[in-house]
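Me: I have a model open and would like a close look at a single part of it. Could you walk me through the surroundings of one residue, and then go on to the elements around it in the chain?

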Amino acid sequence: MTDTDAVTRFEAGLADVREAFGSAFGEAADEQSLRAANAKLTGPEGTLTKLMKLMREVPGDRRREFGQAANALKEEVAAAFDGALVALAQAEREAELAAPHIDVSLPGRRPKPGRLHPITRVTIELVDIFTALGFDVAHGPEIDLYEYNFDKLGFPPDHPATDMQDSFFVKSDGARSMLRTHTSTIQVREMLKRKPPLAIVAPGAVYRRDDDITHSPMFFQIEGLLVDEKVSFADLKGVLTRFAQRLFGPDVGVRGRPSYFPFVEPGAEIDISCVFCKPWEGDAARTAACRVCKGTGWLEILGCGMVHPVVFESVGYDPEKYTGFAFGLGIDRIAMLKYGISDIRMLYENDARFLEQIG
Ligand code: DAH
């Protein structure tokens, strides 16, 4: 390679760089591409860096001249790079300022605190009352055997009494399964599992083909069962009276009316004095006008009775040795009485405006 070659190449190189760097920097849309463009010139493999190395081949008498030209160009490139960096930062800031503003003084959107559903609250309250009286809590599946829902509770096969509980059946191989129509299935399950003495309450969802302002196809019950030697109807009355008074206050009266359920004998329905017109306060005119108890002063709240010997036999308990009582009540009904709710469906619509009024 001759010296003249080097001179030509050096000059051409200088000219190329001088022509290219301005637009290369100008076109860079962000800092990263700007830095990349700069590295192509001044990086270890950059065009300018290579030119500097070529200096050695330039004839001695022209080195000074080319050296000065190259250095001047280097400085020009460095200044242009710094200028382009500043311009990019400025453009970015301007875009930020032009964008929609965040108003930091606006009050934030508060997350609404959740709360327990009225059914859950009443369930907890009922379970608390009964556990304080010594009952354990038991649970069972919502899809259960027909056998546990009806047969083992003393319903004769296809007895008209099963019509009281229009049911949802579930197709299954072999055993007949259904959505339980009452929590009484859990009585059966617990007695098959355990030996007396036992005292349980069992809350849960139950299902019937029923739908109007006081019936929902799904609703909640809590079942009670106590089995031991020498349990009497007086024990049942004592437990239910204590329960009603803890729930609705010490003035509430309790009365029983004979009733029929296949799994108890005798069976009864329990009424409490009306918690809306409060007959114990002696305002007879208020009771006469009360629409909730229809002027009777009483509200029906549960079914109960002494466990039928047939049920004991179906679970392998000796009916000569053991007696017991059972009861079942609608949790929805209690919630409706407690919070003055007139339509059961409101409990299941999940309208926050309704749910927020309760608790
Ligand atoms: N299982 C009954 C129903 O759903 C309620 C009931 C009545 C439960 C009497 C009982 C009882 O344990 O003894 O209508």
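Reply: Happy to; what follows starts from a single loop residue and then turns to the sheet, a helix and the cysteines. Please keep in mind that this is a predicted model.

Let's begin with L153. This leucine lies in the loop between α6 (146–149) and β3. Is L153 buried or exposed? Its relative accessibility is 0%, so L153 counts as buried, the cut-off being under 20%. Leaving out residues up to four places away in sequence, L153 touches Y148, H182, S184, T185, Q187, V188, P262, F263 and V311. There is also a long-range pair to look at: L153 and S314 are separated by 161 residues in sequence, yet their C-alpha atoms are 7.8 Å apart in space.

The loop that holds L153 leads to β3, so let's turn to the sheet. Three strands make up an open sheet, ordered β2-β4-β3, with antiparallel pairing. Its edge strands are β2 (143–145) and β3 (169–170), each of which pairs on one side only. Between β3 and β4 (residues 177–179), which run antiparallel, there are two bridges. Within β4, S177 is the residue that stands opposite V170.

Now for a helix. Helix α5 covers residues 118–132, which is 15 residues, and spans 21 Å from its first C-alpha to its last, close to the 21 Å expected at 1.5 Å a residue. Which residues of α5 are buried? They are P118, I119, V122, T123, L126, V127, I129 and F130. These buried residues lie on the same side of α5 because they cover an arc of only 160° around the axis. The general background is that an α-helix has 3.6 residues a turn, so residues three or four places apart point the same way. Just after α5 comes G134, with a positive phi of about 100°.

Finally, the cysteines. How many disulfides does the structure hold? The number is zero. C274 is in no disulfide, and the nearest cysteine sulfur, that of C277, is 3.8 Å away. With a relative accessibility of 0%, C274 counts as buried. For C277, the closest cysteine sulfur is in C293, at 3.7 Å, which is too far for a bond, because a disulfide needs the two sulfur atoms within 2.5 Å. C277 also counts as buried, at 2% relative accessibility.

Technical notes:
Residues numbered from 1 in each chain as written. Predicted model: local features only at pLDDT ≥ 70, side-chain atom pairs only at ≥ 80, totals over all residues. Heavy atoms only, no water. Helix = DSSP H or I, 4+ residues; strand = E, 2+ residues; numbered from the N terminus. Expected span 1.5 Å × (residues − 1). Buried < 20%, exposed > 50% of the residue type's maximum accessible area, 1.4 Å probe, protein only. Arc of directions from axis to C-beta. Pairing = 2+ DSSP bridges. Contact = heavy atoms within 4.5 Å.
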